[in-house]
Amino acid sequence: MTTFHRTTTTFKPGARTMPRERYTSEAILAEERERIFSRGWNCVGRASGLQKPGDYLVREIAGESIIVVRDKAGGVNAFFNVCRHRGTRLCREAAGHFVESIQCSYHAWTYGLDGRLIGAPHMQDAGDFDKTEYPLHRAAVAEWEGFLFVNLARDAEPFEQAWAPMLGRLSRYGLPSLEIGHRVTYDVQANWKLVFQNYSECLHCPTIHPKLATVLPYQSGANDLVEGPFLGGYMEIKAPNQSATMSGRACGRLVDGNLPEDDRHRAFYYTLMPNVLLSLHPDYVNYYLVHPVAVDWTRVESEWLFHPDTLADSGNNIRDAIEFWDLTNRQDWDIVAQSQLGIGSSRYAPGPYSPRESIPAAWDREYLSWMGDRT
């Protein structure tokens, strides 16, 4: 059984926000790409986006272009978008379909969907050339609850080990069977860490999100993950609201008919390092993929997921959920942009966290540990 703790139980007196350089230094961003994004399990989207063998998507992770493709056996592979001949990029499109193979447009080196080199024109005359020595460079790939993850490290920590605290934790939500009902991309004029920290607390909700605060009282709920790379917990959905929507009405049917009674009146919010924000409601789920572009620019991709029966019902209420969070998101992006501007001032100095900010303080501690700062 999951154990919940009031947020005050993890507060460490003296916790302060981080120095200005953490949000403004290009050198630190480069180090974050190397230490965090190159070594962590980055979510690249939903497995349902690769329906058939040959379906692929291309993602940029820590400055590397990665092809994620479903192979003929139904598995998923991830490859660096680099031809083994002369280094040319193989794919230019963000997504698409390979009919049978992956071919470089420069000199027609051709690879199977499993990464094997299967064609190299004129290389038969190159002496001891052996095609088996030139497969595509592979990245580690894993699937969890219908989400796909990629790890660039040569010695990647096994996903089952790195994500052990999350394995089975959300199985009651039936996440693999949910379908995408809406997607949007936001460009946020703030450092990626401010996006994570803002998501981690609701002390700001009464002033920044008056609509949200009437549905999800910021002092309600508790956290079940309070230290480490995965943090968060639930908030109570205030009656008579059925869900976190503009009208308070549910979008449609529950995400899973076996959802426990308590969870039918709660919304769960988790930060999952290094790039996922996950929001779970009784009737829908939405998630955010966080991509640092520059020290003051973060791209956030979001999708709303619903039960297939909800989407098939012409009378569904999904727009209520979409509009609720689109409004909330834009309010968040505005205020973190103001934070970025303020932190850029020469007069900014780290300020104290309150007990209501124990989760962003815990997130900071985890971030610093990833960065090799154990103080």
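This passage walks through one helix, the internal spaces around it and the cysteines of the structure. The model is a predicted one, and everything below is computed from it.

A good place to start is helix α4, which covers residues 192-199. Of its 8 residues, 8 are buried, so the helix is largely enclosed by the rest of the structure. The run goes from Trp192 through Lys193, Leu194, Val195, Phe196, Gln197 and Asn198 to Tyr199. Even the lysine, then, is on the buried list.

Helix α4 also turns up in the walls of the empty spaces. Rolling a probe the size of a water molecule over the atoms shows where empty space is left. Done here, this gives 2 cavities of 30 Å³ or more. The largest cavity holds about 550 Å³ of space, and its lining takes in 39 residues. Lying nearest its centre are Tyr199, Ser200, Glu201, Cys202 and Met235; Tyr199 is one of the buried residues of α4. Several elements supply at least two lining residues each: α4, the strands β12 (222-225), β13 (230-236) and β14 (266-272), and the helices α8 and α9 (358-370). Sorted by class, the wall comes out at 20 nonpolar, 14 polar and 5 charged residues.

The second largest cavity has a volume of about 30 Å³. Its lining consists of Cys83, His85, Arg86, Thr88, Cys104, Tyr106, His107, Ala108 and Trp109. By class, that is 5 nonpolar, 3 polar and 1 charged.

Then there are the pockets, where the second largest one brings α4 back into the picture. This pocket has a volume of about 450 Å³ and a lining of 20 residues, with Thr17, Leu194, Gln197, Ser339 and Glu357 nearest its centre. The elements giving two or more residues to that lining are α4 and α8, the latter spanning 318-343. Helix α8 makes the largest share, with 5 residues. The class split of the pocket wall is 11 nonpolar, 7 polar and 2 charged. Helices α4 and α8 thus appear in the lining of this pocket and also in that of the largest cavity.

On to the cysteines. A disulfide is a covalent bond between the sulfur atoms of two cysteines. The count for this model is 1 disulfide, formed by cysteine 202 and cysteine 205, with their sulfur atoms 1.8 Å apart. The torsion about the S-S bond is about -105°, so this disulfide is left-handed. Cysteine 202 counts as buried at 14% relative accessibility, and cysteine 205 is buried too, with a relative accessible area of 2%. Cysteine 202 is also among the residues nearest the centre of the largest cavity.

What about cysteines outside that bond? The sulfur of cysteine 43 sits 20 Å from the closest cysteine sulfur, that of cysteine 91, which is too far for a bond. Cysteine 43 counts as buried, at 2% relative accessibility. Cysteine 83 is in no disulfide either; the nearest cysteine sulfur, in cysteine 104, is 3.9 Å away, whereas the cut-off for a disulfide is within 2.5 Å. Cysteine 83 is buried, with a relative accessible area of 3%. Both cysteine 83 and cysteine 104 belong to the lining of the second largest cavity.

Methods: Residues are numbered from 1 along each chain as its sequence is written. This is a predicted model: local features need pLDDT of at least 70, side-chain atom pairs count only at pLDDT 80 or more; totals for chains, interfaces and linings use all residues. Side-chain values use heavy atoms; hydrogens and water are left out. Buried means under 20% relative accessible area, exposed over 50%, partly exposed in between (1.4 Å probe, protein chains only). Helices (H or I, at least four residues) and strands (E, at least two) are DSSP runs, numbered from the N terminus. On a 1 Å grid over the protein atoms alone, a cavity is a set of points where a 1.4 Å probe fits but cannot get out, and a pocket is an open set with protein on both sides within 12 Å along at least five of seven lines; lining residues have an atom within 4 Å of a point. Grid points are joined across faces, edges and corners, and a volume is the space filled by probe spheres set on the points. Ala, Val, Leu, Ile, Met, Phe, Trp, Tyr, Cys and Pro count as nonpolar, Asp, Glu, Lys and Arg as charged, and the others, Gly among them, as polar.
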